[in-house]
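Here is a friendly note to read beside the model. Take the points in order and find each place in the structure as you go.

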Amino acid sequence: MAPPKDVVKIAIQMMGAIPQLIELNQTKPLAAVVKEVCDVWNLGNAEHYALQYVDGQQTYITESNRAEIKNGSILRLTTSPDQEAERLHSGIRSHNLDVKADSLKKLANLSRDITFAQEFINRNGLKQLFLIVEEGNDVGEILAHTLKAFMELMEHDFVSWETLSPAFIKKIVRYVNTGGMDASVQQLSLSILENMVPSSRPLFELVKREVTLDRLLAHLQVTNQQLQLKAMALLIALLLNASDAERRDMMGYLGERSIRQFIHKSIIHASEPMGDEMAHYLYVLQSITLNLLERRMRTPMDPFSQEQRELLQFLRHSAFESESEPSAGTVSAERRRSVCVTDFRKLGFQNYSNPAQDLHRAPPGLLALDNMVYFSRHCPSAYSRFVLENSSRDDKHECPFARSSIQLTLALCEILHVGEPCSETAQAFYLMFFGQDHFFQELFCICIQLQNKTWKEMRATQEDFDKVLQVVREQITRTLSLKPTSLELFKTRVNALNYSEILRLRQTERMHQEETLAVPVLELRERLKPELLELIRQQRLLRLCEGTLFRKISSRRRQDKLWYCRLSPNHKVLHYGDVEQGVQSPPIESLPEKIPVADIKELLVGRECPHMKEKGSGKHNKDVLDLAFSISYDVEEYYLNFIAPTRYEVSLCLGPVGPRSSSGSAVGLVGDLGSLCPFVCFPICERGRRLPLANPVSGGCVAGLVGSVRTDSRKQGGHMAQSLFPGHGGL
């Protein structure tokens with residue numbers, strides 16, 4: 001029969017006696033249990049004994065913690081806490097150094113137990129420890145045990161740190177500041193000071209004044225890892241408890257004294273591996289350093305600040321210094337203002353007539369301006385190349401430097417948790433942070449060039465700005481997760497992680513996610529898929545029937561005439577014809593031209609379109625090429641040529657289209673959607689290759705048509721046309 005739930009089976013030991021195996025009834029008073037155990041061993045004065053765990057911290061068993069005793073526990077019968085406290089209190093006052101040393105050593109071990117600690121403190125034991133330190137007669141092992149016992153007793157918070165005497169604190173400070181002191185004594189002294197700092201403002205100021213930063217830096221350069229750890233702990237405590245102004249001054253001084261180099265050489269690249277506690281302190285130091293940027297990050301630009309306006313002008317002059325600046329004596333103020341507006345537009349400000357408005361949002365506030373100025377000063381060639389290269393592009397394809405810098409600064413602040421409080425447990429610091437001065441600014445310089453590179457890989461326009469920034473953010477976070485040891489390695493890896501690689505990783509992760517879906521979810525998806533595909537097909541047929549208004553482009557590239565094209569209600573004929581200005585949706589009877597859907601052979605896009613191959617087509621800008629598509633029909637291969645109003649409208653019928661990879665592939669562009677489009681239902685084909693009709697047209701109806709697409713074999717990163725009638729939104 002199982003024992004009652006209030007009974008546990010345990011073993012009890014005592015030196016020189018045969019262990020007892022008993023069933024401990026948890027409802028019986030503990031004093032009665034101890035007396036029964038003493039009776040078995042014929043011990044009198046049972047009140048002088050207590051039970052204690054054999055393993056672990058050898059905690060005393062009390063009425064408050066006895067419920068933690070489990071079946072199979074091994075306990076020891078030992079002297080009660082009050083008797084032991086009295087004996088050790090007497091021992092530490094002994095003139096016999098051996099007795100004193102042994103008593104202090106045992107005191108340091110037993111003081112971790114809260115029951116014993118309370119008994120010892122009640123006997124005014126802390127005062128005796130103070131005397132040992134203040135008198136200064138004991139050194140070495142005795143002093144180390146004294147400080148260890150003091151630390152353990154103070155951990156229980158029975159006594160306030162503010163009660164420490166000035167003489168005691170002075171001695172502790174001297175142990176820290178004296179060179180050649182016993183390492184264990186210095187470690188314990190540093191721990192005592194670390195605990196004092198957050199206790200009160202006067203103690204913080206005392207420690208900050210008496211223990212200099214230079215002294216702590218000296219401790220960080222030793223080879224003793226425990227001493228390094230305690231010195232770093234005190235430094236972090238001082239920084240965390242300092243005011244913002246004090247913290248800024250302290251970090252400025254530490255920077256001047258090259259703390260980064262000390263950490264990089266003596267801690268990160270030490271012969272012994274770094275422990276978790278030191279990793280946490282380095283994370284906190286990194287966080288404190290980055291949070292120094294918070295003030296600038298949360299400060300919007302003041303348009304009336306002369307200093308800030310001069311920084312904006314510096315950006316302009318640095319980018320366009322080769323261009324002649326109109327002098328005050330030769331041109332009017334209006335002309336000079338016009339030149340400034342043009343320059344700020346080329347720099348990529350959205351409010352180029354008043355660029356300060358772009359920096360009014362905080363965050364990132366003035367931090368974005370600081371980053372732009374840093375980039376222009378420390379990477380002048382890259383800065384000029386970025387600005388001039390994009391200012392010479394078509395407006396829609398230029399990567400705006402200022403807008404990119406502002407949003408990238410905000411993204412970096414979020415990624416690096418600038419302005420967020422330190423975690424109490426985190427250990428995720430970046431090795432490269434301590435390998436580089438001005439880490440945040442240098443990281444920005446790498447990432448702003450990455451933004452321009454990714455922008456070109458994605459063949460992005462202004463409409464794609466957020467998409468590009470999302471990809472860049474992913475490139476940064478993925479690279480940081482690899483924990484590069486230096487900024488140079490980060491730069492190499494992040495540039496290798498191009499847009500094509502991001503697409504590949506996304507596809508791999510998506511496939512892996514789908515593979516891990518539960519079977520019922522997969523079954524439900526397959527069951528719903530036909531219904532959803534039919535719904536999308538019907539919706540897209542409706543859009544084709546509504547039709548779209550197009551502009552004709554003359555040989556002089558003038559878009560001065562309009563025409564309309566729509567699908568017949570029975571989905572078998574395309575109707576099109578010229579319309580007058582202001583006509584939005586002409587009736588199908590007013591469109592004289594017709595093309596039977598059964599006669600349509602293929603869809604062409606980009607340079608493959610006949611109207612893009614005409615004389616002078618080499619001058620077509622990239623936007624026109626992206627918007628151009630044609631349908632080939634009849635056996636004589638007649639063509640109906642289109643240029644959509646915008647690239648966004650081109651993409652609506654078959655789903656969203658983002659910038660393509662530099663390989664020209666349209667990853668995930670059609671896929672299952674090939675069966676969704678009621679008119680242009682085509683598989684993805686290789687560039688420059690015509691695909692024959694996969695199936696005969698069913699009844700001459702557009703819903704049954706399966707065509708092909710031919711993309712531009714010479715164009716890198718081109719966009720595949722998505723619909724003949726993009727003027728209406730998709731599902």
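**Notes on two sheets and two helices**

1. Let us begin with a pair of strands: S3 and strand S4 (residues 74-79) run antiparallel and are joined by five bridges. Strands here are DSSP runs of E with at least two residues, helices are runs of H or I with at least four, and both are numbered from the N terminus. Two strands count as paired if DSSP finds at least two bridges between them. One bridge to look up is that of Leu51, whose partner in S4 is Leu77.

2. Before going on, please keep in mind that this is a predicted model, where local features need pLDDT of at least 70 and side-chain atom pairs pLDDT 80 or more, while totals for chains, interfaces and linings use all residues. Residues are numbered from 1 along each chain as its sequence is written, and side-chain values use heavy atoms, without hydrogens and water.

3. Where does S3 sit among its neighbours? The order is S2-S1-S4-S3, in an open sheet of four strands with mixed pairing. Strand S2 (20-25) and strand S3 (49-53) are at the edges with a single partner strand each, so one side of each has no neighbour in the sheet. From one strand to the next, the twist averages 40° (axes are lines fitted to C-alpha atoms, and angles between N-to-C directions run from 0 to 180 degrees).

4. A second open sheet also has four strands, ordered S5-S6-S7-S8, and its pairing is antiparallel. Its edges are strand S5 (548-552) and strand S8 (593-596); each has a single partner strand, so one side of each is left free of a neighbour in the sheet. Neighbouring strands here are turned by 25° against each other on average, direction ignored. Four bridges link strand S7 (residues 573-579) to S8 in the antiparallel sense, and Leu574 stands opposite Ile595 in S8.

5. Now a helix: is H21 mostly covered or mostly open? H21 is mostly covered, with 15 of its 19 residues buried (buried means under 20% relative accessible area, exposed over 50%, partly exposed in between, with a 1.4 Å probe and protein chains only). For helix H21 (residues 439-457), 1.5 Å a residue gives an expected span of 27 Å, and the end C-alpha atoms are 27 Å apart, which agrees. The expected span is 1.5 Å times one less than the number of residues. After H21 comes Arg459, with a positive phi near 50°.

6. Finally, find Leu524 in helix H25 (residues 519-546). Leu524 is partly exposed, at 40% relative accessible area.
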